[in-house]
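Here are a few exercises to work through with the model open on your screen. Try each one before you read its solution.

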Amino acid sequence: MDRLRALCLALPEAEERVSHGEPSWFAGSGRRARMFVMLSDHHHDDRLGFWCAAPGGAQERLTGEDPARYYRPPYVGHRGWLGVYLDGPEPDWARIEDLVADAHALVGPGR
């Protein structure tokens, strides 16, 4: 989780808050802040991972290519969000960094 936290907080105007009982990262400030990443720490199943906003088509492509790493999360999956397992195969941190940056860009300041 420390590595994910560092990636999220390195982005402009990012802050961490607890939402739905999990550490979550928001872009922007005040009432305009929007969540871009949420940890999923055994909250809905017995897996450790995170959910992130994703560009159109990314969820379908990644879950189809590598279902051991990526999944459609509950509650927000229908909106295109992507779930990423952190407790399965060794996480691909370069790709995770890109996914987090994309999530921030989708909801961040100026959007």
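**Exercise 1.** This is a predicted model. Work out how the span of helix H3 (residues 93-107) sits against the expected one.

*Solution.* Start with the count: H3 has 15 residues. The expected rise is 1.5 Å a residue, giving 21 Å. From the first C-alpha to the last, H3 reaches 21 Å, so the span is close to what you'd expect.

**Exercise 2.** Find the buried residues of H3 and say where they lie around the axis.

*Solution.* Use the cut-off first: buried means under 20% relative accessible area. In H3 that picks out Trp-93, Ile-96, Leu-99, Val-100, Ala-103, His-104 and Val-107. They cover an arc of only 135° around the axis, so they end up on the same side of H3.

**Exercise 3.** Do the same for helix H2 (residues 58-65), then find what its buried residues pack against.

*Solution.* Here the buried ones are Ala-58, Gln-59 and Leu-62. Their arc is only 95° around the axis, which puts them on the same side of H2. Now look across from them: the buried residues of H2 pack against strand S5 (70-71), S6 and H3.

**Exercise 4.** Place Pro-91 in the chain, decide whether Pro-91 is buried or exposed, and list its contacts.

*Solution.* Pro-91 is in the loop between strand S6 (82-85) and H3. Its relative accessible area is 15%, which is under 20%, so Pro-91 counts as buried. Skip the neighbours within four places in sequence, and Pro-91 is in contact with Arg-69, Leu-86 and Ile-96. Arg-69 is 22 residues apart from Pro-91 along the chain, yet their C-alpha atoms are separated by 7.8 Å.

Notes
Residues are numbered from 1 along each chain as its sequence is written. This is a predicted model: local features need pLDDT of at least 70, side-chain atom pairs count only at pLDDT 80 or more; totals for chains, interfaces and linings use all residues. Side-chain values use heavy atoms; hydrogens and water are left out. Helices (H or I, at least four residues) and strands (E, at least two) are DSSP runs, numbered from the N terminus. Buried means under 20% relative accessible area, exposed over 50%, partly exposed in between (1.4 Å probe, protein chains only). The arc is that of the directions from the helix axis to the C-beta atoms. Contact means heavy atoms within 4.5 Å.
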